[in-house]
Structure formats: structure tokens, C-alpha cells
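Trainee: I'm new to this model, so please pick a single part and take me through it slowly. I'd like to follow it from the part itself out to what lies around it.

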Amino acid sequence: MLLSNHEQFEDHVAALEKQFPGVPSIGCIGMSYQTGMVEKGVGVIAFSDGVSAVANVLEQVSTMPVKYIHRLERDMQTLAGSSQDTVCIDLCSGNDACVLTTIYTALRKRGISLVGGTGGQGRVSANGRVYQDAVAYALVRNQHGRVKTYKENIYHPMAGHRFVASNTDRANYILGSLNGKSAKQVYKDILHVTDEEILTRTFQNPFGKLNGEDICIISIKEVRGSALACFRQVNDSDVLILLELGDYRAIVQDTIRQICRDFPRRSAIFSVNCLFRYKLFSEQGYMQDYLRDMAALGDHAGFVGYGEHYNDRFVNQSMTCVVFE
């Protein structure tokens, strides 16, 4: 997996393919990390042994990703993996919600989980070739044990703030009204913030969309008149709640303890952290501590995404990861 920067992406894709010809690979533009951050450079995350893998791409994701779903179906058949030992890792250029729904229709048949995220600049790579308007994916099968995916949420509901969304623009991720009032004004009145402070306050107080027993976090991107533009689609009649930041240090430790309980022996952990989590952790002086704590699990590496993927869900301000036994 290649995580590069805007200026050097094509060169790095070519160099990786030249160095490891024929080895399945996927890549995107984004920051990477292991025990430290690579903010503008290149990171390569590699499985040196113990796995079987195949990489490929679905094209035209903004209009018809389903046109290429036969590639994923064929690759699953070739790899012959199961829900116990195989994961799909994806790197996407956009239209994530539609892409994930499409991909998961195929993965669900074999019970295979998915972890991934959104790269920058609308470009991804697969097997040494750069694509636009596409999603690159790798099916990775653990030859010596299980795999399991996790999603971490460091927010919890604020009591007494439940809304019904209206005046939404699905195509542009616009949230117009909450309980019939201006979405911007509702947010400002509850938290006592200015228009300018809304964009940083979303680190502490994003919205949440109820999805069964799960909560999908909805980050605020910008103010649009009396409305709010978000990083995730909101529909008319969606039930939203306001969230507040919890004790993220304790929540991370809970996640680590859960992984240790599930996997006494761990060979690798690949994670995707949201850009907003990275900014929050950096502002709080916690990012380096976070990487050190995760490194205590074993070989851990990952990248900072503009959106995180977990099975068929496109989520914000979360961490998703896959652990290999």
C-alpha cells in the first residue's frame, strides 16, 4: 500500500512497481504513519509474508461503479477467502457512500469485511497504474490465522439534542434545517459559537446519524448561508443527534484492550484515522502518544483519510482498522 503526496504520486507509483514488479499494490494521496507521522512524503506498508493478496480497481465511481463489480467477484473467487481469514482494504477517490454500497453487495456474499478510506486529489493507483474517478481495492487473506475489523468512536450523544433534518441537498451534502429551524443557527445557539468557530467546534461536537444501534458521525465542512455543508450525506427526515467528545485517551485504551482479548497473538494492524481525529489529537498533544500506544500492539501502520470506510458505511471522525492474527 502506497501513501504519497500530490506532486510525486505518479513517480512513486511507477517506482514501486519497478521495485516490486507484479506484486499486488494499491495507493492514494495521503499522510501515513507508523511510530511517527509522514505528512508530506511517502509511506509504503507491505506484507512481506503470510498472506495471499490480489489488487484491482473499480472505475467510473462517480457514475457507475457497479459496471466493474465482476472484477471483485472474480478476485474473491480466485483468492477463495472467507469471513474468518480475509479482508478487503480500499482506497477511494470519491463518491464513497455509493462505492461502498456497491462493493459490499459482493463482499457480503462471503461475509468479508472492509476497511479503507478516501485519498486526496481524486487519484488512486492499482498494480502500478494511476486512475481517476476510481476505487482501488486489495483482498488480503491471512494464511496463518484470523482477521477482524474494528471501528472506534470517541464521541457520545449530548442529552436533549435530537433533530429531524429537512431542506437538505443530498448531492452537495447540505443540511438546511433542524426541527424546522436554520441548521446553522441551531448549532450556534446550543454551543454559543460564531460562524467562524463552527468549523473547529465540529472536532468537539459533530452531528450523529442514528443507524440502528450504531451512530454515524457527520462532520461539518463549512457554513453555507443559513445552512451547513457536511462531509457526509444527510437526507430529509433523517434523525440526527448532537455529539460531544468523550475521554478519547480512555476510549483508545478500551479499543487496545479489546483487540488484545480477541487476539492474544497479533502479526499486523492496519488502521485508517480521520483527518479531523489527526488534527484534534495533534492540537491536544496526543498524536505521538496515540501512535506509541497503538505500536504496543505490534506492527501497526496506517494512513490519514478524508473519510473512513467500515463494511458498507462511509463514516467521519472515526478510526477503522483490521487486525491480523
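Mentor: Let's start with a word we will need: a residue is buried under 20% relative accessible area, exposed over 50% and partly exposed in between, using a 1.4 Å probe and protein chains only. This is a predicted model, in which local features need pLDDT of at least 70 and side-chain atom pairs count only at pLDDT 80 or more, while totals for chains, interfaces and linings use all residues. Residues are numbered from 1 along each chain as its sequence is written, and side-chain values use heavy atoms, leaving out hydrogens and water.

Our part is helix α6; helices (H or I, at least four residues) and strands (E, at least two) are DSSP runs numbered from the N terminus. The buried residues in α6 are Tyr 248, Val 252, Thr 255, Ile 256, Ile 259 and Asp 262. They lie on the same side of α6, because they cover an arc of only 130° around its axis, taking directions from the axis to the C-beta atoms. In general, an α-helix has 3.6 residues a turn, so residues three or four places apart point the same way.

How far apart are the end C-alpha atoms of α6? They are 21 Å apart, in agreement with the 21 Å that its 15 residues, 248–262, should span at 1.5 Å a residue; the expected span is 1.5 Å times one less than the number of residues.

Now look outwards. The cover over the buried residues of α6 includes β12 (147–152), β21 (239–245), α7 (275–283), α8 (287–295) and β26 (319–324), where contact means heavy atoms within 4.5 Å.

Several of these elements meet again in the largest nonpolar core, a set of buried Ala, Val, Leu, Ile, Met, Phe, Trp, Tyr and Cys residues joined through side-chain atoms within 4.5 Å. Among its 32 residues, Phe 281, Tyr 290, Cys 321 and Val 323 touch the most other members. Elements giving two or more residues to this core include α6, β21, α7, α8 and β26, and α7 supplies the largest share, five residues. Leaving out residues up to four places away in sequence, Phe 281 touches Tyr 248, along with Ile 154, Tyr 286, Met 287 and Tyr 290. A separate core of 26 residues includes Ile 89, Ala 138, Ala 268 and Phe 270.

One last stop is Ser 318, in the loop between β25 (313–315) and β26. Ser 318 counts as buried because its relative accessibility is 2%. Beyond neighbours within four places in sequence, its contacts include Glu 152, Cys 274 and Arg 277.
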